[in-house]
Each structure stands twice: as structure tokens, then as C-alpha cells.
Amino acid sequence: LVFMGPHMGDLENAAVYEMYKQTEAHFEDLFSIAPQLVVSDSHPNYFSSRFGKEFAKSHNIPFMTVQHHEAHIAAVMAEHNILGPVLGIALDGTGYGIDGTVWGGEIMQVSATEATRLAHLKETPLPGGEMSVREPWREVLCGG
């Protein structure tokens, strides 16, 4: 059984992060569930990823990560009960790549057990790092 919670907003906000933790505990009580596995985004600096890793450790359950765009494609597959393989296109912005670089605009072949990045938009520098994601004008000014 997989249970996905609601989108609550940016977890960099302390109040939202506290609500996130409270909601997780509430769902455990409400649905009488004991998580058996924690899966989080592969970006190691996301609050949700750190929470997932700490939660898995404190509950002595397995922890795994999934690449951001692969997760979007896999979610659609799960919603429609498709095991794949499928050709998926994810154009929702950036995500931490399995090679440690910033990925964006992915075309992937995804199945129930693996994903392969087939094509992507050209890499460009991100002036200011993650700030360029929130302030795209930075990249425009730098000729990205």
C-alpha cells in the first residue's frame, strides 16, 4: 500500500515543515499504519529528504531515493496501474540528477524496476545556484 500525502508548500518555511511532521504522525494514527519504507527525492539538501532519512533511521525501516523527474513519471504510471516500460517526458523544472548535476526537461524510459534518461534539455549554468530556479531572470542576464 502506498499513501501519498497532500502538497503543503515549501518546506523551507519552518511552520510548514512542522505541519509536515505533524501530518505524517496524524496519518499514522488516522489510518493505523506503520510505514515499512521511506522514499524521498534524491536531492540530499531538501528538508523532505532529510526528514525521510531521519524518519527511516528512527523507525529502523529502509530508506531509498528517487530522481525527481523519474518520480513524476512513475507517479503517473502508478495512478494508471502501468508497469511499463513507458516513454515519459517531465518538464516541471529542475531536479537533482543521479550524476549529481541539475537535471531539467527529461525524456526517460521508465519501468516498474528501472529508469533510463534518454534525452534532456541542454545544460546551462545556474548563476547563484538554486536561486536561479526561483529567479530565472538570473540565467537570462547571464546568457543561459
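Colleague: How many positive and negative side chains does the protein have, and how far apart are the centres of the two sets?

Modeller: There are 8 positive and 18 negative side chains, with the two centres 8 Å apart. Lys and Arg count as positive, Asp and Glu as negative, and His and the chain ends are not counted. Each charge is placed at NZ of Lys, CZ of Arg, CG of Asp or CD of Glu. Keep in mind that this is a predicted model: local features need pLDDT of at least 70, side-chain atom pairs count only at pLDDT 80 or more, and totals for chains, interfaces and linings use all residues. Residues are numbered from 1 along each chain as its sequence is written, and side-chain values use heavy atoms, with hydrogens and water left out.

Colleague: What order do the elements come in?

Modeller: From the N terminus the run is α-β-α-β-α-β-β-β-α-α, which gives five helices and five strands. These are DSSP runs numbered from the N terminus, with helices being H or I of at least four residues and strands E of at least two.

Colleague: Which residues pair up in salt bridges?

Modeller: The structure holds two salt bridges. The term covers a side-chain nitrogen of Lys or Arg within 4 Å of a carboxyl oxygen of Asp or Glu. Glu-18 pairs with Lys-21, the closest N and O atoms being 3.0 Å apart. Glu-106 pairs with Arg-117 at 2.5 Å, N to O. That second pair links distant parts of the chain, with Glu-106 in strand β4 (residues 102–110) and Arg-117 in strand β5 (residues 115–120), 11 residues apart.

Colleague: And where do Glu-18 and Lys-21 lie?

Modeller: Both lie in helix α1, three residues apart, about one turn of the helix.

Colleague: Is Glu-106 buried or exposed?

Modeller: Glu-106 counts as buried because its relative accessibility is 0%. Buried means under 20% relative accessible area, exposed over 50%, and partly exposed in between, using a 1.4 Å probe and protein chains only. Its partner Arg-117 is at 23%, so Arg-117 counts as partly exposed. In the α1 pair, Glu-18 is partly exposed at 37%, and so is Lys-21 at 29%.

Colleague: Changing topic: which residues make up the nonpolar patch on the surface?

Modeller: Leu-30, Phe-31 and Ile-33, with about 260 Å² of accessible area together. Patch residues have over 30% relative accessible area and no salt bridge; like charges are joined within 9 Å, and nonpolar side chains (Val, Leu, Ile, Met, Phe, Trp, Tyr) within 5 Å. Areas come from the Shrake-Rupley method with a 1.4 Å probe, and for residues only the protein chains shown count as cover. Phe-31 belongs to helix α1 (residues 14–31).

Colleague: What is Ser-40 in contact with, leaving aside its neighbours within four places?

Modeller: Ser-48, Ser-49, Phe-63, Met-64, Thr-65 and Val-66. Contact means heavy atoms within 4.5 Å. Ser-40 sits in strand β1 (residues 38–41) and is buried, with a relative accessible area of 7%.

Colleague: Where is the cis peptide bond?

Modeller: From Gly-84 to Pro-85, with omega near 5 degrees. Pro-85 is in the loop between α3 (68–79) and β3 (86–96).

Colleague: Which residues other than glycine have a positive phi?

Modeller: Asn-60, at about 55 degrees, and Asn-81, near 55 degrees. Asn-60 is in the loop between α2 (47–59) and β2 (63–66), and Asn-81 in the loop between α3 and β3. Asn-60 is exposed at 71% relative accessible area, as is Asn-81 at 70%.
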